[in-house]
Amino acid sequence: MPSPETLGDVLRARIEKDGPISVEDWMAACLGDPQYGYYMTRDPLGRRGDFTTAPEISQMFGELLGFWAVVVWQQMHMPKRLNLVELGPGRGTLMADALRAAAGVPGFLDAVQVHLVETSPVLQSRQRETLQSVRPTVMWHADVDALPDGPMIVLANEFLDALPVRQYVHQQGTWHHRAVTWADGAFKFVATGSADPDRIPAPFRTAAEGAIYEDSPAVRAVTENLAGRLSAERGAALFIDYGHTVGGLGETLQAVSRHGYANPLAAPGDVDLTAHVDFAALKACARKAGAAVWGPLTQAALFQRLGIDERAATLAAAIGTERAGEISAQHQRLTAPDAMGHLFKALAITHPGQPAPPSFETPIPMRDR
Ligand SMILES: C[S@@+](CC[C@H](N)C(=O)[O-])C[C@H]1O[C@@H](n2cnc3c(N)ncnc32)[C@H](O)[C@@H]1O
């Protein structure tokens, strides 16, 4: 084969040499290959990119999370040093809006050091531009292991869904690892060696033929790391993402390109790959590591409780009647049940001695899958 020119060439050569690639490794390579990975080579956000995220829809998203962080800091008894962390900060818009909103609160910005966990060099430089004039020091890290110790508040919007999932498929009474192979001129899913049955939760072990079970060791590793830190130090982490609140069977791996769904195997490195977050697994993992767990709430409930209706009214009044419709459309997109309001969920974890973080005081019963 001639020297590889695309990630597809690289992955095909790897399969021909070593056999099928697990779905987990496929997703990791497609998103994070240092030379060809989706996030390594582009800024995918915005109307001209592949997808738009909540902080890019409206400044209200970051501003209200800035207030959330201020109240949590007050609940922590206002430590003089605070690591304000964002995981997967995209263009840096959420952090810029949060810091601007929090700037009026005496002492908060004096305490804050900003830490961004980001693997993409393209997005890192975008974040550098967005945050060049903010007051706190900003530092970048490749993963959560590199974060400094100390009291911290962590924000993560649409970060966990970008972490690789492992897939298992049930065939002829046995659970197998699901992988990607190359056959008849295309990448295809294939069942490989049998999996350790203990990896499959007991209720699913006798699933129907073809059932798929997903698990994300990467999500578990991030959760364990942060929850472990929060069991020892004051602080909180807030994850906002799409996903399910009850664990179950089914494939959620999906590809998005140009604001529409795509084939996850068709153009490796050129389409975004995501998987739904299993909030039930995340909760169990955080609890086991010693943190207190709050929620999940729907994104709509989180932002309504944080005062998005009032903030939207203030912004609409400030920009005048001609453009007030824009704010109302942004508000709708973030909170309407048929837009992002119910699809996206928010889960908080805190140091066990802290009170419920803002908006999480009263649980909302939820059952979905
Ligand atoms: C879907 S984007 C979300 C961006 C931003 N949070 C927002 O809401 O606009 C995912 C972000 O996570 C980053 N990312 C993906 N995988 C990562 C990893 N393994 N470690 C750190 N950052 C990662 C991407 O580069 C990007 O900044």
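This report describes a buried strand, the largest pocket and a small open sheet in a predicted model.

**Strand 16**

Strand 16 covers residues 344-350, and seven of its seven residues are buried, so the rest of the structure largely encloses this strand. In a regular strand the side chains alternate between the two faces of the sheet. Here Phe344, Ala346, Ala348 and Thr350 point one way, while Lys345, Leu347 and Ile349 point the other way. Residues of both groups are buried, where buried means under 20% relative accessible area.

Strand 16 pairs with strand 10 (residues 235-244) and also with strand 15 (residues 292-298). The table sets out these two pairings together with one that belongs to the open sheet described further below.

| Strands | Sense | Bridges | One bridge pair |
|---|---|---|---|
| Strand 10 and strand 16 | antiparallel | seven | Ala237 and Ile349 |
| Strand 15 and strand 16 | antiparallel | five | Leu297 and Ala346 |
| Strand 11 and strand 13 | antiparallel | three | Val256 and Asp272 |

Two residues of strand 16 in the table point to opposite sides: Ile349, the partner of Ala237, is in one group, and Ala346, the partner of Leu297, is in the other.

**The largest pocket**

The largest pocket has a volume of about 790 Å³. Its lining consists of 39 residues, and those nearest the centre are Gly88, Thr119, Phe159, Ala162 and Leu163. Several elements give two or more residues to this lining: helix 2 (23-32), helix 3 (38-41), helix 4 (54-57), helix 6 (93-102), helix 9 (217-232) and strand 13 (272-274).

By residue class, the lining of the largest pocket holds 21 nonpolar, nine polar and nine charged residues. At least three lining residues come from each of domain 1 (7-36 + 166-215) and domain 2 (41-164 + 216-252 + 273-350).

Helix 6, one of the contributing elements, is mostly covered, with nine of its ten residues buried. The buried residues of helix 6 are Thr93, Leu94, Met95, Ala96, Asp97, Ala98, Leu99, Ala101 and Ala102.

**The open sheet**

Strand 13, which also contributes to the pocket lining, belongs to an open sheet of three strands in the order 12-11-13, with antiparallel pairing. Strand 12 (260-262) and strand 13 stand at the edges and have a single partner strand each, so one side of each lacks a neighbour in the sheet. On average, neighbouring strands of this sheet are turned by 40 degrees against each other, direction ignored. Strand 11 spans residues 254-257 and is joined to strand 13 by three bridges.

Key:
Residues are numbered from 1 along each chain as its sequence is written. This is a predicted model: local features need pLDDT of at least 70, side-chain atom pairs count only at pLDDT 80 or more; totals for chains, interfaces and linings use all residues. Side-chain values use heavy atoms; hydrogens and water are left out. Buried means under 20% relative accessible area, exposed over 50%, partly exposed in between (1.4 Å probe, protein chains only). Helices (H or I, at least four residues) and strands (E, at least two) are DSSP runs, numbered from the N terminus. Two strands pair if DSSP finds at least two bridges between them. On a 1 Å grid over the protein atoms alone, a cavity is a set of points where a 1.4 Å probe fits but cannot get out, and a pocket is an open set with protein on both sides within 12 Å along at least five of seven lines; lining residues have an atom within 4 Å of a point. Grid points are joined across faces, edges and corners, and a volume is the space filled by probe spheres set on the points. Ala, Val, Leu, Ile, Met, Phe, Trp, Tyr, Cys and Pro count as nonpolar, Asp, Glu, Lys and Arg as charged, and the others, Gly among them, as polar. Domain bounds come from an automatic or database domain assignment. Axes are lines fitted to C-alpha atoms, for helices over the stretch in contact, and angles run from 0 to 180 degrees between N-to-C directions.
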